[in-house]
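Reader: Please take a close look at one part for me: the salt bridges. Keep the terms clear, and show me what surrounds them.

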Amino acid sequence: MESTIFNIIDMILKALGIEQNPVAFIGLFGLIMARLVPAINYTPFFGGQTVNGRTKIALSVALSFLLYPAMVTVIPSEQIPTKFLTLVLLMIKEAVVGFT
């Protein structure tokens, strides 16, 4: 089951022109999202009930897709963590940076 999901993700990534390991893609995309979601959520003009949650998440996903190519060129895929605990701790760090 797990390999089937990664094969589907790999096919989607190749269709989008992204030649990266699916695990590394998900890790880097998750780190970008972990920083953007709190930053967008607590931005004054997006905060409160002014903009609904779906719009904030959609904006975060769109910005993550736009920032992804720049991040791939800066961070080699060998340096992207693949272990769960390391990735979760880095996501917490990125969320704290996004909150600030």
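Author: Start with burial: a residue is buried under 20% relative accessible area, exposed over 50%, and partly exposed in between (1.4 Å probe, protein chains only). This is a predicted model, in which local features need pLDDT of at least 70 and side-chain atom pairs count only at pLDDT 80 or more, while totals for chains, interfaces and linings use all residues. Residues are numbered from 1 along each chain as its sequence is written, and side-chain values use heavy atoms, with hydrogens and water left out.

Now the bridges. The whole structure holds four salt bridges (a side-chain nitrogen of Lys or Arg within 4 Å of a carboxyl oxygen of Asp or Glu). The chain that carries them has four helices and zero strands (DSSP runs numbered from the N terminus: H or I, at least four residues, for helices; E, at least two, for strands).

Take Asp10 and Lys14. Their side chains meet in a salt bridge, 3.7 Å from N to O. Both sit in helix α1, four residues apart, so about one helical turn separates them. Lys14 is partly exposed because its relative accessible area is 44%. Asp10, at 22%, is also partly exposed.

Next, Arg35 and Glu94. Here the N to O distance is 2.5 Å. This pair links distant parts of the chain: Arg35 lies in helix α2 and Glu94 in helix α4 (residues 84-99), 59 residues apart. Arg35 has 36% relative accessibility, so it counts as partly exposed. Glu94 is buried, because its value is 12%.

Glu94 has another partner. It forms a salt bridge with Lys93, with the closest N and O atoms 2.9 Å apart. Lys93 is partly exposed, at 41%. Elsewhere, shared partners join Asp10, Lys14 and Glu19 into one network of salt bridges.

Now look around Asp10. One residue that touches it is Gln20 (contact means heavy atoms within 4.5 Å). Gln20 lies in the loop between α1 and α2. At 11% relative accessibility, Gln20 counts as buried. Leaving aside residues up to four places away in sequence, its other contacts are Leu13, Phe25, Tyr68, Val72, Ser77 and Ile80.

The loop between α1 (2-15) and α2 also holds Leu16. Leu16 has 55% relative accessibility, so it counts as exposed. Follow that loop on your screen: it holds buried Gln20 and exposed Leu16.
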